[in-house]
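Me: Could you take me through one part of this model up close, step by step? I'd like to see how the pieces around it fit together.

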Amino acid sequence: MDHDGSMTSPLVASVNVAPIAVLDHRGRSVTSAIGKQPVAGRVATVGDNLAGDDQADRSVHGGPDRAVYAYASEDLEWWAGEIGRPVPAGSMGENLTTTGVDVTGATVGERWRIGTVVLEVTAPRVPCFKLGIRMGDPRFPQRFARAGRPGAYLRIIEHGELAAGDSITIVDRPAHGVTVELVARAYHDDQSLASRLLAAPQLEAGWIAWARSHAS
């Protein structure tokens, strides 16, 4: 919402990518591409990535069902208030920093048209220790999980190009009502909700397996 009370049009505030780099973690080297940085110009989708982007551990990031990660600029601003310093675009390792989109409230399976690309929401992000490295706080992943602002992974449905400033248009939204927030809440807070996740066939495959194993 703008300062005058009007709603902000949904758009991409920043496109962020990074290659795999070596990070220090408690005296040992680990690889990660969490250090996303904004890039200018139009960015093409390539395979299961944006051009110039990568993931080091595809068991938890990347692949066809987690090709692109989106996080809301409004949530970055919330975090800035929580930790007392600016949290710029890309800080959460997101590829797309959005404005005017309820990313966590997105329905699993809803499709976003951005530029000439179509993306489909698949799952929330579950933080790992590398987010703690990125944020300079080893306890940050736990804080992130408790905050209920996980952002959303998306799969690429139609390849093309996108850029900062592009509008985000929701072109389809399933009626099952399973949201990114519900998936995250079922995992972190209330596993009795697991069976509800099975109503969303578009959910990332690992989450479907988890929901089946925890369904009552």
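Reply: Let's start with two helices: α1 passes α3 in a right-handed crossing. Keep in mind as we go that this is a predicted model. In packing, what do you look at? Two packed helices are described by the angle between their axes and by how far apart those axes are. Here, helix α1 covers residues 73-83 and helix α3 covers residues 140-147. Their axes come within 13 Å and cross at roughly 125 degrees. Angles of 65 to 115 degrees count as roughly perpendicular and those over 145 as roughly antiparallel, so α1 and α3 end up as oblique to each other. If you want to find the meeting place on screen, pick out Trp78, Trp79, Glu82 and Ile83 on the α1 side. They meet Phe140, Arg143, Phe144 and Ala147 in α3.

Now for the sheet. There's an open sheet of 8 strands, and its order is β4-β1-β8-β7-β11-β10-β9-β13, with mixed pairing. β4 (37-38) and β13 (168-172) stand at the edges with a single partner strand each, which means that one side of each has no neighbour in the sheet. Our helix comes back in here: α1 packs on this sheet and touches β7 (68-72) and β8 (96-99). The direction of α1 makes about 60 degrees with that of β7.

Let's walk in from the β13 edge. β13 pairs with β9 in the antiparallel sense over 4 bridges, and Trp112 stands opposite Ile170 in β13. Strand β9 (residues 111-114) is also joined to β10 by 4 bridges, again running antiparallel. In that pairing, Arg113 stands opposite Val118 in β10. β9 and β10 make a hairpin with 2 residues between the strands, and Gly115 takes a positive phi near 60 degrees there.

Strand β10 (residues 117-124) deserves a pause. It is mostly covered, with 8 of its 8 residues buried. Beyond its link to β9, β10 is joined to β11 by 6 bridges, and these two run antiparallel as well. Glu120 is the residue to look for, as it stands opposite Arg155 in β11.

Follow β11 (152-158) along the chain and you reach His159, in the loop that leads on to β12 (161-162). Is His159 buried or exposed? Neither, as it happens: its relative accessibility is 47%, so it counts as partly exposed. Looking past neighbours within four places in sequence, you'll find His159 in contact with Thr45, Val46, Gly47, Thr116 and Val117. With Thr45 there's also a polar contact of 2.7 Å between the two side chains. And although His159 and Val118 are 41 residues apart along the chain, their C-alpha atoms are separated by 6.9 Å.

One last stop: another open sheet, this time of 3 strands, has the order β6-β5-β12 with antiparallel pairing. β6 (49-50) and β12 are its edges; each has a single partner strand, so one side of each is left without a neighbour in the sheet. Strand β5 (residues 43-46) pairs with β12 over 2 bridges in the antiparallel sense, and Ala44 stands opposite Glu161 in β12. Put that beside His159 and you get a nice link, since Thr45, its polar partner, falls within the residues of β5.

Methods:
Residues numbered from 1 in each chain as written. Predicted model: local features only at pLDDT ≥ 70, side-chain atom pairs only at ≥ 80, totals over all residues. Heavy atoms only, no water. Buried < 20%, exposed > 50% of the residue type's maximum accessible area, 1.4 Å probe, protein only. Contact = heavy atoms within 4.5 Å. Polar contact = N/O pair within 3.5 Å; in protein donor to acceptor, adjacent residues only side chain to side chain. Pairing = 2+ DSSP bridges. Axes fitted to C-alpha atoms, helices over the stretch in contact; angles between N-to-C directions. Parallel < 35°, antiparallel > 145°, perpendicular 65-115°, else oblique. Left-handed = near helix turned anticlockwise from the far one by under 90°.
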